[in-house]
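These are my notebook entries on one structure, written down in the order in which I looked things up. I begin with strand pairing and then move on to sheets, helices and two single residues.

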Amino acid sequence: MTDAERVDVVVLGLGVGGEEAAGRLAQAGLSVVGIERRLVGGECPYFACIPTKMMVRAADLLIDARRANEMAGHTDVRPDWGRVARRIRDEATDDWNDQVAVDRLVGKGVRFVRGEGRLTGPDTVSVRPADGSGERVFRADRAVIVGAGTEPAAPQVPGLGDTPYWTNRDAVRAEELPASLLILGGGPIGCEFAQVFARFGVAVTVLEAADRLLPGEEPESSELVRSAFSADGVTVRTGTAVEHVGHDWRGFTARVGGEEHIVGRLLVATGRRTELAELGVVEAGLPNDRFIATDDRMRAADNLYAVGDVTEYGGFTHMAMYQADIAVRDILGQGGFSADYRAVPRVTFTDPEVGAVGLTAAQAGKAGIDTLIGTADVAAETRGWIHQAGNAGVIKLVADRDRNVLVGATSVGPCGGEVLAALTLAVHAEVPIDRLRSMIDAYPTFHRAIGTAVASLA
C-alpha cells in the first residue's frame, strides 16, 4: 500500500462548494489538497448555470423582438444559434477548459491533483492521477471535505442505453440544433431547454411522468409555464412515460402510449444522481444512501464533511456555496450561523421565470401546518398592465396561521427570480405578516404585487 502523505485538509471533488472551501482554507494557512477528475468548478460554469442562462438570454431576446410587433412597430427576427454556441464555447467555458480555474485555485495555495479519488477511510483519500503517475494517498489531519457533485441520471427505459441520447452536457455543447427534439422530463432543466430550443425553431416535445410540468412547484406555476409553452409551439404530454427508445438512420424512435415518435434528438432531463459507493463512503464508515447525511455544521462524521449536491439539501450552486462557508468556518473554529434550510430559494429560468422559496402549499399541508394562502395576478397589477406582452405571472404566499409568518412563497412572471428576493427575506427572517402589510412598495414595480398578495391573506 502506498504510504499516505499527511496534509491538513483533503477536498474530494472541486465543484462550486469544494472549490470555494479549498481556496478559503488554503488562504487561511492550511495545507490543502484538492482532487477533481473532471473540471474545476463543476457543473455550473461549464454545463449548467452559466451557459444555460446565456441560452435563455438569447432566446428571450428573440421573443422580445417578436413582441415588439404587438407594442412598438415591426420586426423581422432570424435566429442564429451559431452566435449562442460561440459565446458559450469562447466566453463561458474556454472550450470546456478549466485551466483558468485551476490557476486561480493553485494561486490561493491549493495543491491540485487531477484524477479519480475515493475515500479509503474517514480521514484518508486515495487518488489515481489522470497522468498515470501511480496511486497517491493523502491523510487529512484536520478534515476531509466531499464535494463531488452529481451526474445526469437516465431512466430505465428499454433501448435507451443503446442510443446516443443527449444529457444537459451534450445540449450545452451543441453547435447545431436538430429539426426536432424530444425531452424526457418536465422539471426545471427540461423546461428551460424546451423553451430555448423552441424559440430557435426546433420542434420540441416534452414528456413528463407526473401530471404537470414542474411538479415540485405550485400548480399555478405549472399552468403558467404550460401556457407559455403552448405559445412557443412546445408540445407537452404529462402523466405519461416512454415505453421504448430506438435509434437508426431516421433518428430516435420513441414509443409513447402505443404511438411512435421519430425525432432528430432525444434529451434526457430526468434528474441527477451520485454514486456514493464509488466515492468510498462505506470505507469511510458512512451508509451507502442517496445522499451523505450531515449535521448543521456540514459534518458527516468526525472531521469528515460534505457540501453541495452530494448532500440532501444540495442541488443549487448557491446551496453549495452556503454549505462550503459553514464547513470552512467549522474547520477553522470560527463559529457563526449553522445550516438552516427553511428558506432555500430556487428559480426556473423559463419565460415567465418561476421563483420559489420554502414550502409549497401542498408541502405545508403535509407538514401539518394550518395555512393561509394569498395570491396576486401579476398581469393585473399596474406594472404588469404596462408591461403587456409577456406579462403573465402570479405571486402566491403560504402562511402559517398559528405563527403569523410566511413559510413559503412563489413569484412567477417577468423578473420572477428577482422579485423572489423580498419573499426569501420574509420567509428566512420570519417577518410577521402584520409587518409585511405595513411595508411601502415602490410604484409601479413588479414587486408591488407582493403587497396585494399579503393583503389577500386576510
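Which residue in β11 stands opposite H247? I looked it up and found F252 in that place. I keep in mind throughout that I am reading a predicted model.

**Entry: β10, β11 and β12**

I followed the pairing around H247 outwards and noted that strand β10, residues 242–248, runs antiparallel to β11 and is joined to it by 6 bridges. The connection between β10 and β11 is a hairpin, with 2 residues leading from one strand to the other. On the next step along the chain, β11 pairs with strand β12, residues 259–263, again in the antiparallel sense and over 5 bridges. As a reference pair here I wrote down T253, whose bridge partner in β12 is I262. The hairpin of β11 and β12 has 2 residues between the strands, and I marked G257 in this hairpin for its positive phi near 55°.

I then asked how many of the 6 residues of β11 are buried. The count is 5, so I describe this strand, residues 251–256, as largely enclosed by the rest of the structure.

**Entry: β1 and its partners**

I turned to strand β1, residues 4–12, and looked up its partners. With strand β5, residues 136–146, β1 pairs in the parallel sense over 8 bridges, and V10 has V144 as its bridge partner in β5. Strand β2, residues 32–36, is likewise parallel to β1, the two being joined by 4 bridges, and here V11 has G34 as its bridge partner in β2. I traced the chain from β1 through α1 to β2 and recorded this β-α-β crossover as right-handed.

**Entry: α1 against α5**

Having reached α1, I looked up how this helix packs. For two packed helices I want both the angle between the axes and the distance between them, since these describe the packing. The axes of α1, residues 16–27, and α5, residues 99–107, come within 9 Å and cross at roughly 30°. With angles under 35 degrees counted as roughly parallel, I therefore call α1 and α5 roughly parallel to each other. The contact brings E19, A22 and G23 of α1 together with A101, R104 and L105 of α5, and by class these residues divide into 3 nonpolar, 1 polar and 2 charged.

**Entry: the parallel sheet of 4 strands**

Next I wrote out the order of an open sheet of 4 strands, which is β9-β8-β7-β13 with parallel pairing. β9 (235–238) and β13 (265–268) each have a single partner strand and stand at the edges, so each has one side without a neighbour in the sheet. From one strand to the next, the twist averages 15°. Within this order I checked β7, residues 180–184, against β8, residues 203–208, and found them parallel and joined by 5 bridges, with L184 standing opposite L207 in β8.

**Entry: the antiparallel sheet of 5 strands**

Which strands are at the edges of the open sheet whose order is β17-β18-β21-β20-β19, with antiparallel pairing? They are β17 (345–348) and β19 (371–377), each of which pairs on one side only. Neighbouring strands of this sheet are turned against each other by 10° on average, direction ignored. I noted that β17 pairs with strand β18, residues 353–358, over 4 bridges in the antiparallel sense, and that V347 has G355 as its bridge partner in β18.

Two helices go with this sheet in my notes. Helix α8, residues 219–232, lies across β18, β20 (394–400) and β21 (405–413), and runs at about 170° to β20. Helix α12, residues 416–429, packs on the sheet and touches β17, β18, β20 and β21, its direction making about 180° with that of β21.

**Entry: two single residues**

Is T167 buried or exposed? Its relative accessibility is 14%, and because buried means under 20%, T167 counts as buried. T167 is found in the loop between β6 (151–152) and α6 (168–173), and apart from neighbours within four places in sequence it is in contact with P152, L267 and V268.

A306 lies in strand β16, residues 304–306, and with 0% relative accessibility A306 counts as buried too. Not counting residues up to four places away in sequence, A306 touches V146, I292, T294, M298 and T311.

Notes. Residues numbered from 1 in each chain as written. Predicted model: local features only at pLDDT ≥ 70, side-chain atom pairs only at ≥ 80, totals over all residues. Heavy atoms only, no water. Axes fitted to C-alpha atoms, helices over the stretch in contact; angles between N-to-C directions. Parallel < 35°, antiparallel > 145°, perpendicular 65-115°, else oblique. Contact = heavy atoms within 4.5 Å. Nonpolar A, V, L, I, M, F, W, Y, C, P; charged D, E, K, R; others polar. Buried < 20%, exposed > 50% of the residue type's maximum accessible area, 1.4 Å probe, protein only. Pairing = 2+ DSSP bridges. Right-handed = clockwise from strand over helix to strand, strands pointing away.
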